[in-house]
Amino acid sequence: MTTRKLGRGVALVGAGMSKFGAFPGKSSRDLFVEAFQEMLGSVDKGFDAKDIEALFIGNFSSDLFENQGHTAPIMADWVGLTPRPATRIEDACASSGVALRQGLLAVASGLYDIVLVGGIEKMTDLPIERVTDTLATAADALYEVPAGFTFPGLYASMATAYMAQYGANPDVFLKVGYKNHENGSLNEKAQFGQRIASIMEARKASAAKKGLPVPTWADEMEFLKDDRANPIIAWPMRLYDCSPVSDGAAAVILVSEEIARRFTDKPLYVLGSGQGSDGAIHSRPTLTSLASAKYAARVAYEMAGVKPADIQAVEVHDCFTVAEIIATEDLGFFKPGEGWKAVEEGKTARDGIRPINTSGGLKSKGHPVGASGIGQVLEIWKQLRGEAGQRQLPGNPNLGLTHNVGGTGQTCTVHIFERR
Amino acid sequence: MSDTEFTSTAHYNALGEHRLVGSRCKSCGILFFPARPMCPECHGNDMEADELSGKGKLAAYSIIYIAPTAMIQAGYDRKNPYCAAVVNLEEGPSICAQLLGADVAHPETIKIGTPVEATFIDRGEGDARRTFLGFQL
């Protein structure tokens with residue numbers, strides 16, 4: 001494979017996001033305005049929104065979630081960009097990872113110097129069955145869904161394949177969720193920003209207040225293995241293995257490298273970008289790795305000229321806990337079959353040798369699907385600029401990576417960022 | 001080859017006759033199931049129908065407690081979960097299908113690699129009645 005390079009350098013000079021959560025009464029456009037305003041305030045040397053030349057927005061299914069198609073021009077209007085071009089990108093949960101890549105290519109081509117890239121999703125207006133059905137439209141409607149598969153079910157089946165192939169115990173998945181809640185408890189934007197210990201104590205207090213028998217979980221793992229506290233969604237995936245149903249938006253500004261320092265002394269340069277595709281789950285030679293992710297990672301690493309070991313800050317697509325383990329192997333941080341052991345050994349914790357998802361990941365931070373890809377970039381933006389507060393990684397990190405998956409890996413994007 | 005021979009409609013019609021019909025590329029020899037009208041390897045469309053035995057091995061599975069609407073209508077829910085699986089057929093291709101006969105209350109006893117055999121599940125009423133592929137443990 002020939003190593004491909006961008007036509008010219010592109011940098012990130014501003015980034016913002018709404019809080020992720022359930023926000024009755026707010027539509028995706030309201031959330032996008034919140035993300036946009038935070039993005040404007042994040043540009044160190046100031047920024048005139050009138051200079052934005054185009055908008056690329058990731059969104060999975062405003063059509064079914066909000067009964068609203070043709071979403072991009074609405075977002076452009078709400079943030080004052082009309083009549084400039086606004087394009088919606090749909091690749092399921094990788095929609096805004098792909099939007100980022102499209103914005104990147106648009107600036108690298110020389111057509112634009114300044115573009116806005118965003119992601120939006122408003123999921124919580126629908127009842128849970130219709131959310132399940134809507135998410136299932138990202139799977140193969142002819143050959144996966146009729147088998148009774150849901151999204152948790154598809155990832156759960158990857159988990160059973162992984163357990164059988166590598167001898168992993170289902171408890172390891174719970175440890176990924178536990179770790180991500182630890183991280184998310186330090187993220188003020190997180191939807192479920194509580195430690196598992198706090199959730200457990202709150203349950204005990206609630207039972208006591210209602211005069212019910214107070215559960216006697218010995219520790220967090222016992223709580224997480226309790227069918228009543230942590231019900232099975234699709235075995236072996238339980239509630240705390242699954243990212244939540246969320247509303248949220250995120251936005252970043254991409255500019256050509258030549259003008260980046262006009263806006264900030266700490267731009268993040270986009271060193272590498274890769275994107276891959278794949279067929280339905282039954283058409284794959286393996287269920288314990290995503291071919292699209294490995295392809296996207298290889299392209300991104302080659303473009304960037306860096307190796308997995310060089311990367312310091314990492315956000316991966318943990319839509320389900322098993323997905324995080326597989327992602328860390330596909331990205332080359334651990335060998336195939338070693339990712340689950342790394343979790344057991346605490347290597348992926350914030351103070352481990354390979355911290356994964358310092359933001360809390362999709363699990364704790366929330367997963368407004370079309371916004372998640374840019375939401376991940378927000379964490380890398382903060383970590384590489386030393387602005388991550390209590391969850392800041394030590395060692396002044398300057399190289400970060402995002403891994404954003406659509407469906408069960410039918411789409412994957414990998415991006416690598418550097419602060420110089 | 002007729003216009004509809006290797007479409008999803010033909011796939012489900014064949015399931016209605018309790019048959020698993022794939023398509024084999026006459027140039028590459030590769031068998032596809034579900035059938036495809038064009039070989040994605042050589043891009044040729046000289047495909048012939050090839051019937052599969054329905055015998056295979058369990059490749060992956062999950063016990064689904066939170067079901068999609070179609071399965072809720074079929075009587076499944078949190079109290080009555082079901083097993084969805086990926087099965088590797090002995091002719092090579094793999095397919096997603098419901099797995100019957102699995103002990104859903106003890107999912108750890110279900111073993112990947114176990115032989116399974118195709119069965120046919122009728123769901124829906126009247127014109128909406130359709131036959132789905134299942135496997136029996």
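Student: What does helix α14 of chain A lie across, and at what angle does it run to β10(A)?
Tutor: Helix α14 (residues 372-384) lies across β1, β2 (54-58), β4, β7, β8, β9, β10 and β11 of chain A, at about 170 degrees to β10(A). Angles run from 0 to 180 degrees between N-to-C directions, with axes fitted to C-alpha atoms, for helices over the stretch in contact. This is a predicted model, where local features need pLDDT of at least 70, side-chain atom pairs count only at 80 or more, and totals for chains, interfaces and linings use all residues. Residues are numbered from 1 along each chain as its sequence is written, with chains lettered from A and ligands numbered from 1 in the order written.

Student: How are the strands of the open sheet ordered, and which are the edge strands?
Tutor: The 9 strands go β3-β2-β4-β7-β1-β8-β11-β10-β9 in chain A, with mixed pairing. β3 (86-89) and β9 (313-315) are the edge strands, as each pairs on one side only. Neighbours are turned by 25 degrees against each other on average, direction ignored.

Student: How do you know which strands pair with β7(A)?
Tutor: Pairing takes at least two DSSP bridges. β1 (residues 10-17) has 7 bridges to β7(A), antiparallel, and β4 (residues 114-122) has 9, also antiparallel. Val252(A) in β7(A) faces Ala15(A) and also Val117(A), while Gly248(A) is the bridge partner of Glu121(A).

Student: What makes β7(A) largely enclosed?
Tutor: Buried means 20 or more other C-beta atoms within 10 Å of a residue's own (12 or fewer is exposed, in between is partly exposed; C-beta atoms are placed from the backbone). In β7 (residues 247-256), 9 of the 10 residues are buried, so the strand is largely enclosed by the rest of the structure.

Student: And why say that of α10(A)?
Tutor: Because 10 of its 14 residues are buried, among them Lys294(A) and Tyr301(A). The buried residues of α10(A) pack against β8 (268-277), α11, β10 (399-406) and β11 (411-419) of chain A. Just after the helix, Gly305(A) has a positive phi of about 70 degrees.

Student: Why are α7(A) and α11(A) called roughly perpendicular?
Tutor: Their axes come within 8 Å and cross at roughly 90 degrees. The label covers 65 to 115 degrees (under 35 is roughly parallel, over 145 roughly antiparallel, the rest oblique), so α7(A) and α11(A) qualify.

Student: Which residues of α7(A) and α11(A) meet?
Tutor: Phe173(A), Val176(A) and Gly177(A) meet Thr321(A), Val322(A), Glu324(A) and Ile325(A), where contact means C-beta atoms, placed from the backbone, within 7 Å. They divide into 4 nonpolar, 2 polar and 1 charged.

Note on methods
Helices (H or I, at least four residues) and strands (E, at least two) are DSSP runs, numbered from the N terminus. Two residues are in contact if their C-beta atoms, placed from the backbone, lie within 7 Å. Ala, Val, Leu, Ile, Met, Phe, Trp, Tyr, Cys and Pro count as nonpolar, Asp, Glu, Lys and Arg as charged, and the others, Gly among them, as polar.
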